[in-house]
Amino acid sequence: MATPMRAIALRPRSTAALVLVSVAGLLAFLWPLFATAGSRLGQHADAPLVFALLLPLLMAVVLFEISEGGLDVKAVAMLGVLSAVGAALRPLGAGTAGLETVFFLLVLGGRVFGPAFGFVLGSTTLFASALVTGGVGPWLPYQMLGAAWVGLGAGLLPRVPRRWELLLLAGYGAVAGLLYGVALNFSFWPFASGLASDLSFVAGARPWENLRRFGLFSLATSVWWDLGRAVTNVVLIAVTGRAVLGTLRRASRRAAFDADVEFADVELADADEPATRHTLHG
């Protein structure tokens with residue numbers, strides 16, 4: 001079994017901040033199940049915009065707490081490289097028929113470098129790719145948080161023997177691809193269908209009734225895209241996983257993220273002592 005390498009250490013405060021933003025994120029995605037008929041959320045279409053403004057602030061708090069004493073230059077460099085690679089890979093699929101070519105890298109990166117690194121990698125990669133592709137909008141914070149959860153979950157997967165690791169990661173990639181699509185559907189579903197449709201959100205309805213409507217909405221609009229994302233993750237992890245994991249683990253060993261930094265005392269020569277001169281004779 002491979003020994004996990006934690007490129008970013010999770011301390012109590014950063015762990016609490018990560019839990020806080022995850023709970024707030026769940027509320028941002030799942031609020032349609034709990035909105036009452038007379039609430040502002042149930043009557044107005046500005047709920048996604050409110051959460052879209054709130055989520056970046058909460059994620060900034062998490063990134064600050066994670067970086068406070070737990071993010072060194074080597075981890076920043078690795079994040080920059082992998083985020084740039086992910087931003088370059090994403091337009092290759094562009095989401096056509098669910099062909100998302102970036103999530104497998106989040107899974108493998110989170111697996112090698114740990115949950116905190118995976119969380120940050122997911123958010124920075126989606127942000128960078130949005131800048132590259134012009135995909136900046138109210139949906140971006142939801143995409144960033146969803147991708148951050150994908151990387152976080154990969155870092156929390158249990159240790160298994162090497163011969164089972166790719167199978168575990170491929171299975172996780174399939175599940176994560178489906179759940180990512182479900183989460184993103186929740187973020188816009190209340191305002192995406194007709195008012196009288198059986199697929200529509202009904203403010204104040206019982207949670208399981210809205211869940212039934214949401215299930216029909218997902219089946220009618222996005223199930224093939226979500227399945228395409230899941231299959232793409234499985235194929236890319238199966239084909240490239242062993243090579244990419246080996247490369248990332250070699251990089252992590254050379255970076256020695258877990259090594260303790262020690263400073264040796266160096267005795268300086270007396271300022272009054274003349275320096276030794278070496279004369280070259282031809």
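Trainee: Is Arg90 buried or exposed?
Mentor: Keep in mind that this is a predicted model. Arg90 is found in helix α4, residues 73-93. Its relative accessible area is 14%, and anything under 20% counts as buried, so Arg90 is buried.

Trainee: Which side chain makes a polar contact with the side chain of Arg90?
Mentor: Start with what surrounds Arg90, leaving aside neighbours within four places in sequence: the contacts are Glu100, Thr101, Val102, Leu126, Ser129 and Gln143. One of these also makes a polar contact, side chain to side chain, at 3.0 Å. That partner is Ser129.

Trainee: On to the rings. How do Trp189 and Phe214 pair: stacked, tilted or edge-to-face?
Mentor: The structure holds 10 aromatic pairs, and here's one of them. The ring centres of Trp189 and Phe214 are 5.4 Å apart, with the planes at 70°. Planes over 60 degrees apart fall in the last of your three classes, so this pair is edge-to-face.

Trainee: How many residues apart are Trp189 and Phe214?
Mentor: Trp189 sits in the loop between α8 (162-188) and α9 (207-221), while Phe214 is in helix α9 itself. The pair links distant parts of the chain, and the separation is 25 residues.

Trainee: What is the relative accessibility of Phe214?
Mentor: Its ring partner Trp189 is buried, at 0% relative accessible area. Phe214 counts as buried too, with a value of 6%.

Trainee: Which residues do ring pairs link into a cluster?
Mentor: Trp189 and Phe214 both belong to it. The full cluster is Trp31, Phe186, Trp189, Phe201 and Phe214.

Methods: Residues numbered from 1 in each chain as written. Predicted model: local features only at pLDDT ≥ 70, side-chain atom pairs only at ≥ 80, totals over all residues. Heavy atoms only, no water. Phe/Tyr/Trp six-rings, centres within 6.5 Å; stacked < 30°, edge-to-face > 60°. Helix = DSSP H or I, 4+ residues; strand = E, 2+ residues; numbered from the N terminus. Buried < 20%, exposed > 50% of the residue type's maximum accessible area, 1.4 Å probe, protein only. Polar contact = N/O pair within 3.5 Å; in protein donor to acceptor, adjacent residues only side chain to side chain. Contact = heavy atoms within 4.5 Å.
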